[in-house]
Amino acid sequence: MSSAGAVDPLLLRAWQEVAEGIMVLDAATWHVEHVNRAGAAFFGRTPEDLVGAPLPVAFPEEVRAAFHDQLARPEAPDFVAGTGPLPGTDRSVAVRARRLGEHVLCSFRDVTHELRLQEERDRLTDSLRGSLERTSDLLRLSEALTATRTVADVAEVVVAATAQGFGAAYAALSVVDHERRLLRTPFTGELAVGAEQEW
């Protein structure tokens, strides 16, 4: 079927100006009835290469699986969407597909940059959250230390804060005796068997 026979010519003309890839498929045979220039170029093709081609030729398997498997089922939804890698490249593609009577309208676009920005935002958010948590832990430790009176009190607060607030498996506080050149560890939390000797 020709591209012009599948869709209103005025709509076709408008679609050619759209930066997003657009493809119209026959819902029964899953052959391409129309694809705009941006859509064909997305896969390194021309519209002439793809019009009339079966779905496996038009879309890589990983991309078409995002919508074909769902729309081909009995009682399929009218609309599906998915995002995934474009095989053989370092790009990611977002696909939306809608069943319209005897046709399936697909649109797809490169979302690589968006996903990378999102990953960077997530990393920064995680880093900021970690910094805030550490700051909160230090503030709590500082408040707890203001209430201490003896070395033993300080040790108890520090050991408890280190174990709880900083994710340490075990905690202990050593004291350096400079005159005797000794390292004593009189203040320990709950240590595993042999851990104090290792320390």
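In the next few minutes I will talk about the aromatic rings in this structure, which is a predicted model.

Let me start with how such contacts are described: a pair of aromatic rings is characterised by the distance of the centres and the angle of the planes. This structure holds five aromatic pairs, and I will go through two of them with some care.

In the pair of Phe43 and Phe59, the ring centres are 5.3 Å apart and the planes stand at 75°, and because an angle over 60 degrees counts as edge-to-face, that is what we call this pair. The pair links distant parts of the chain, since Phe43 sits in the loop between helix 3 (37–42) and helix 4 (47–50), while Phe59 sits in the loop between helix 5 (55–58) and helix 6 (61–64), 16 residues apart. Phe43 has a relative accessibility of 16% and therefore counts as buried, and Phe59, at 0%, counts as buried too.

Now, what is the angle between the planes of Phe43 and Phe108? Here the planes are at 50°, with the centres 5.3 Å apart, so this pair is tilted. Phe108 belongs to strand 5 (residues 103–110), whereas Phe43 is in the loop between helix 3 and helix 4, so the pair ties together parts that lie 65 residues apart in sequence. Phe108, like Phe43, is buried.

If we now step back to the wider picture, ring pairs link Phe42, Phe43, Phe59 and Phe108 into a cluster. One member of this cluster, Phe42, also has a charged neighbour to look at, for Arg91 lies over the face of the Phe42 ring, at 4.7 Å from the ring centre.

Conventions: Residues numbered from 1 in each chain as written. Predicted model: local features only at pLDDT ≥ 70, side-chain atom pairs only at ≥ 80, totals over all residues. Heavy atoms only, no water. Phe/Tyr/Trp six-rings, centres within 6.5 Å; stacked < 30°, edge-to-face > 60°. Helix = DSSP H or I, 4+ residues; strand = E, 2+ residues; numbered from the N terminus. Buried < 20%, exposed > 50% of the residue type's maximum accessible area, 1.4 Å probe, protein only. Lys NZ or Arg CZ within 6 Å of the ring centre and 35° of its normal.
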